[in-house]
Amino acid sequence: MRSPAANDPVSEAEAARLFAALAAFPVLLLAVSGGPDSTALMWLAARWRDGLVRKPKLVAVTVDHGLRKESAREALTVKQLAQKLKVEHHTVRWIGRKPRTGIQEAARNARYCLLAEAARKAGAGQILLGHTLDDQAETVLIRLVRGSGVSGLAGMRRFAPVPAPVGTVTSLARPLLGVTKARLVATLKAAQVPHADDPSNRNEDFTRVRLRAIIPALCREGLTPERLALLAHRVGRIEIALSDALNDALQTVAPGPWRDGGPVTMDVAAFARLPEEIGLRLLGKIIDWTGNEGPVELAKLEALCWSLEGPIHSALLTPRRSGRFRRTLAGAMITLSGAILTVERAPSRRTGAKARKSGPKRPFTKAR
């Protein structure tokens, strides 16, 4: 069977393979903005559903961020198409003050919160997103530019937890992650299905748009979106192996359950014997658990471990000496005293930036 050409529409048989893993869910929520990717997602999902004996209920949700005057009209267009496809549709709105900077990240966080709440109300086990192979390539480029570690270069996963809010049982699914945007546009064109055009996708104030503009030059050097997506896939395999190694280290060096805010203690000799990458991940996971200022930045975590290296080696050579090492990071306090490394919630600061409010945390579990 030949591989699809660059502008081939997605066939019914291909769509069946793309959505097959979702057939067991009685309710699926589709995030549909009205752009080509999400519109194709809804159209393909509806066609796939219609070919099944046990049909899942499809619920399309459009998030109106209120950032463009056209957004309400686009939401109405999505609703009209959803009605034709026999898909339930709801529009939810991001209300309240919008930030002047970091608007894309804020809109993304608000979108996931609104989608998670809509999924909870609908009883949906999965939130389907229209991310494509092109989106995966751009994500890898963005993270590469920002100096990401292995986890970041693995890109987006086909199935992943919802980044907000804590406690949701719904997860994200990206059935079109291996399909190019050009093929989705061709799919809509062949079906004579219109879609919206968001001008912010051409706004060079945004990093993703600027990097998207250089992809043609990268393609001429052989760094195509397909190769960037393949890189993400291969790094993803490494990430799974590292996560398994981290789980083993956690059970050996810092077995749970951990109390919220700590303290979590480790034998310094056992910690020092870990491979550097596993030691970084283990310490980062414990700091994230005990601290209250959000996920720790990789560069700051690396700097902490480098500064720890001397005291740890000194403690190993002269374990009876009472030398101490203490640092705070991401709302956690890390203390080395003798042969014990302790991580616990840092004392509240009276001045400076306020620590984020810490909601209920999940019980200690193995690394994903």
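Here are some worked exercises on the predicted model shown above.

**Exercise 1. Get your bearings: how many helices and strands does the protein have, and what share of its residues count as buried?**

Step 1. Start with the secondary structure: you should find 12 helices and 10 strands.

Step 2. Next, take the burial figure. The protein has 368 residues, and 43% of them count as buried.

Step 3. Finish with the contacts. Take those with a separation of 6 or more: 70% of them come from residues 24 or more positions apart.

**Exercise 2. Trace the open sheet of six strands: what is its order, and which are the edge strands?**

Step 1. Read across the sheet and you get β3-β2-β1-β4-β6-β5, with mixed pairing.

Step 2. The edges are β3 (88–93) and β5 (159–161), since each of them pairs on one side only.

Step 3. Now for the twist. Ignoring direction, neighbouring strands are turned by 30° against each other on average.

Step 4. Zoom in on β2 (residues 57–64). Strand β2 pairs with β3 in the parallel sense over six bridges, and Val61 has His90 in β3 as its bridge partner. Strands β1 and β2 also run parallel, joined by five bridges. Here Leu28 has Leu58 in β2 as its bridge partner.

Step 5. Check how covered β2 is: seven of its eight residues are buried, so "mostly covered" is a fair description.

**Exercise 3. Find what helix α2 touches on the sheet, then work out which helices the buried residues of α7 pack against.**

Step 1. Helix α2 (residues 36–50) packs on the sheet and touches β1 (27–31), β2 and β4 (126–128). The direction of α2 makes about 155° with that of β1.

Step 2. Move on to α7 (residues 181–191). Its buried residues are Arg183, Leu184, Ala186, Thr187 and Leu188.

Step 3. To make sense of that spacing, recall that an α-helix has 3.6 residues a turn, so residues three or four places apart point the same way.

Step 4. Look at the partners: the buried residues of α7 pack against α1 (12–19) and α2.

**Exercise 4. Gln192 and Ala330 each have a positive phi: which of them is buried and which is exposed?**

Step 1. Here is the background: most residues other than glycine have a negative phi, and most peptide bonds are trans.

Step 2. Gln192 follows α7 and sits in the loop between α7 and α8 (207–220). The phi of Gln192 is near 55°.

Step 3. The relative accessibility of Gln192 is 73%, so Gln192 counts as exposed.

Step 4. Ala330 also has a phi near 55°, and lies in the loop between β8 (324–329) and β9 (332–337).

Step 5. Buried means under 20% relative accessible area. Ala330 comes out at 14%, so Ala330 is buried.

**Exercise 5. Locate two cis peptide bonds: which residues do they join, and where do the prolines lie?**

Step 1. One cis bond joins Gly256 and Pro257, with omega about 0°. Another joins Gly262 and Pro263, with omega about 5°.

Step 2. Place the prolines. Pro257 is in the loop between α9 (225–253) and β7 (264–267), and Pro263 is found in the loop between α9 and β7 too.

**Exercise 6. Where does Gly147 lie, and how far is it from Ala299 in sequence and in space?**

Step 1. Gly147 belongs to the loop between α5 (133–145) and α6 (150–153).

Step 2. With a relative accessible area of 54%, Gly147 is exposed.

Step 3. Gly147 and Ala299 are 152 residues apart in sequence, yet 9.0 Å apart in space, C-alpha to C-alpha.

**Exercise 7. Describe the second largest pocket: how much space lies in it, and which residues are closest to its centre?**

Step 1. The space in this pocket comes to about 280 Å³.

Step 2. Its lining has 13 residues, and Phe271, Ala272, Glu276, Cys305 and Glu309 are the closest to the centre.

Step 3. Sort the lining by element: α10 (268–272), α11 (276–290) and α12 (298–317) each supply at least two residues. The largest share, six residues, comes from α12.

Step 4. Sort the lining by chemistry, and you get eight nonpolar, two polar and three charged residues.

How values were computed: Residues are numbered from 1 along each chain as its sequence is written. This is a predicted model: local features need pLDDT of at least 70, side-chain atom pairs count only at pLDDT 80 or more; totals for chains, interfaces and linings use all residues. Side-chain values use heavy atoms; hydrogens and water are left out. On a 1 Å grid over the protein atoms alone, a cavity is a set of points where a 1.4 Å probe fits but cannot get out, and a pocket is an open set with protein on both sides within 12 Å along at least five of seven lines; lining residues have an atom within 4 Å of a point. Grid points are joined across faces, edges and corners, and a volume is the space filled by probe spheres set on the points. Helices (H or I, at least four residues) and strands (E, at least two) are DSSP runs, numbered from the N terminus. Ala, Val, Leu, Ile, Met, Phe, Trp, Tyr, Cys and Pro count as nonpolar, Asp, Glu, Lys and Arg as charged, and the others, Gly among them, as polar. Two strands pair if DSSP finds at least two bridges between them. Axes are lines fitted to C-alpha atoms, for helices over the stretch in contact, and angles run from 0 to 180 degrees between N-to-C directions. Contact means heavy atoms within 4.5 Å. Buried means under 20% relative accessible area, exposed over 50%, partly exposed in between (1.4 Å probe, protein chains only).
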